[in-house]
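Got the viewer open and a hand on the mouse? Here is a walk through the model, one selection at a time.

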Amino acid sequence: MALAHPLGNFTINTSASLVLRAHEVVVDYAVDMAEIPTFQERRTIDADGDGSLSPGETEAYRGDACAGLDGGLHLVVDGTPVRLTMGSSDLSLPVGQAGLRTLRLTCIFRAAVAPGGATHKLAFEDRNYPDRLGWHEVTAAGDGATIVRADVPVASPSLRLTSYPRNVRPSNVRSATVAFRPGGAALRAPSTDGTATRTSGGLLADFASRPDVSAGLIALMIAAAILVGAVHALGPGHGKSLIGAYLVASGGTLRQAVAVGAAVSVMHTASVLGLGVLVLSAEQLFAPERVYPWLGLASGLVALGLGAALLVSRLHALSERRRHGHDHPHPARPLSRRGLIVLAFAGGILPSPSALVVLLGSVSIGRTALGLVLIAAFSLGLAGSLIGVGALAIRARDIATGRLPARLMRLAPVLSASGIALLGLVLTGRGLLQI
């Protein structure tokens with residue numbers, strides 16, 4: 001799925017353009033909120049709670065928001081803190097994915113600089129949204145002033161948050177140190193219309209935002225949701241490796257593969273609905289993307305525990321077979337309820353951002369029931385793919401049993417259990433690094 005924002009639908013992105021003049025410093029500050037934070041911020045803009053945004057409400061919000069952002073911008077010139085004075089501002093709410101709005105706010109701040117021909121030293125820091133993921137940049141350009149040295153670029157790499165670079169690591173620049181002196185060429189205005197570039201939110205999100213809904217279109221939406229869920233399950237995550245390795249390590253059956261795939265799908269759906277409830281019920285701006293590292297850590301710890309327990313069990317079984325001289329593996333045991341819950345948690349606890357956007361988009365246009373149906377269909381497709389992966393793992397194990405050396409096959413459950421433990425260790429480490 002293509003995304004206009006570099007880190008997805010959760011991001012809040014900022015750009016601070018410093019314009020240096022002979023007698024003043026201008027801070028042209030822009031904020032670009034993706035769909036989910038905008039969905040939450042609309043409650044603040046909609047002061048009377050009637051579901052629509054009047055010109056008075058947007059004007060009041062614009063002033064309050066810029067005043068709040070002013071407090072997070074710190075400017076020091078020649079060693080002395082300088083007070084920023086708010087000037088003009090602008091607010092727009094472009095349409096994003098699944099019919100949800102995004103938010104673009106620009107605020108102009110000014111600070112006077114003592115006249116004279118000496119070189120000025122400037123230090124700037126942006127402390128707004130310190131805990132939010134997103135693209136953050138600072139630029140500095142002279143306008144009738146010459147930059148002697150600077151640790152930030154002149155031009156915005158994202159065209160002022162209107163066209164984010166692809167296949168690059170998101171910028172996280174929040175400060176600048178600049179030396180400049182009066183005198184120099186005038187600054188040419190950047191070529192941009194100030195409107196952030198938006199891309200398609202994918203087949204499911206585009207369907208959910210359609211204004212015309214008929215029985216035929218709903219049926220098409222459900223079929224598309226099943227297809228998108230099936231394809232989505234084949235991407236990174238969702239416990240495919242975990243399910244396959246577990247079924248090989250435990251001598252699982254096709255019936256168990258169905259149970260595991262369905263359980264992971266149900267857990268994944270529950271996680272989407274749970275995060276959706278948090279977003280909808282949060283009274284203040286809640287950073288849902290901050291939940292993901294903790295969920296990833298929990299998933300990793302559970303997978304690590306599951307792999308370790310399986311490894312001990314398989315090593316014990318291997319030792320017993322060697323002691324009694326048995327080369328044939330034990331028959332598959334029924335998957336316990338506890339094992340099913342553990343697998344479902346480890347493989348499905350991370351919710352899909354695209355599914356969450358579809359759910360919130362449906363709620364925002366009064367189609368909550370349709371959103372829930374699409375999420376259920378999405379999960380059905382997800383389960384189908386996961387069950388297919390499990391079936392392929394079992395089939396591959398059965399084929400290998402008759403063709404590979406018996407010694408290697410005896411080690412296969414041990415190796416699979418070790419793989420689960422290793423996967424859990426990787427997920428745990430990733431979660432710890434992201435927290």
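**First stop: helix 1**

Select helix 1, residues 35–45: eight of its 11 residues are buried, leaving the helix mostly covered. The buried ones are Glu-35, Ile-36, Pro-37, Thr-38, Phe-39, Gln-40, Glu-41 and Ile-45. Now add strands 1, 2 and 6, since helix 1 lies across them; against strand 2 it runs at about 105 degrees.

Before going further, colour by pLDDT, because this is a predicted model. The average over the protein is 80, and 83% of the residues score at least 70. Residues 192–201 drop below 50, yet in the model this stretch has 26 contacts beyond near neighbours in sequence. Don't zoom in too hard there: where pLDDT is low, the predicted coordinates should not be read in detail.

**The mixed sheet**

Next, show the open five-stranded sheet with the order 5-6-2-1-8, whose pairing is mixed. At its edges are strand 5 (85–92) and strand 8, each paired on one side only. Neighbouring strands here are turned by 15 degrees against each other on average, ignoring direction. Pick out strands 2 and 6, which pair antiparallel over 10 bridges. For a landmark on that pairing, find Ala-30, which stands opposite Thr-106 in strand 6.

Then bring in helix 2. This helix lies across strand 2, strand 5 and strand 6, and makes an angle of about 55 degrees with strand 6.

**The disulfide**

Which cysteines form a disulfide? Select Cys-66 and Cys-107: their sulfur atoms are 2.0 Å apart. The count for the model is one disulfide. Cys-66 sits in helix 2 (residues 55–70) and Cys-107 in strand 6 (residues 103–112), so the bond ties together parts 41 residues apart in sequence. Look down the S-S bond and you'll find a torsion of about -80 degrees, which makes the disulfide left-handed. Is Cys-66 buried or exposed? With a relative accessible area of 0%, Cys-66 is buried, and Cys-107 counts as buried too, at 0%.

**Into the core**

Turn on side chains for the largest nonpolar core, which has 35 residues. Leu-18, Leu-75, Leu-103, Leu-105, Phe-109, Leu-122 and Phe-124 have the most contacts inside it. At least two core residues come from each of several elements, including strand 1 (12–20), strand 2 (24–33), helix 2 and strand 10 (175–182). Centre on Phe-109: beyond its neighbours within four places in sequence, its contacts include Val-26, Tyr-29, Cys-66, Leu-84 and Met-86. Then jump to a second, separate core of 19 residues, with Leu-247, Ala-303, Leu-386 and Ile-420 among them.

**The antiparallel sheet**

Another open sheet of five strands has the order 4-3-7-10-9, with antiparallel pairing. Its edge strands are strand 4 (80–82) and strand 9 (145–150), each pairing on one side only. From one strand to the next, the twist averages 30 degrees. At the strand 4 end, three bridges join that strand to strand 3 (residues 73–77), the two running antiparallel. Click on Val-76 and look across to Pro-81 in strand 4, which stands opposite.

**Last stop: Ser-271**

Finally, select Ser-271 in helix 6 (residues 254–281). Why does Ser-271 count as buried? Its relative accessible area is 10%, and the cut-off for buried is under 20%. Show what surrounds it: leaving aside neighbours within four places in sequence, Ser-271 is in contact with Gly-348, Ile-349, Leu-350 and Pro-351.

Technical notes:
Residues are numbered from 1 along each chain as its sequence is written. Side-chain values use heavy atoms; hydrogens and water are left out. Helices (H or I, at least four residues) and strands (E, at least two) are DSSP runs, numbered from the N terminus. Buried means under 20% relative accessible area, exposed over 50%, partly exposed in between (1.4 Å probe, protein chains only). Contact means heavy atoms within 4.5 Å. pLDDT is the predictor's confidence in each residue, from 0 to 100. A disulfide is a pair of cysteine sulfur atoms within 2.5 Å. Two strands pair if DSSP finds at least two bridges between them. Axes are lines fitted to C-alpha atoms, for helices over the stretch in contact, and angles run from 0 to 180 degrees between N-to-C directions. A nonpolar core is a set of buried Ala, Val, Leu, Ile, Met, Phe, Trp, Tyr and Cys residues joined through side-chain atoms within 4.5 Å.
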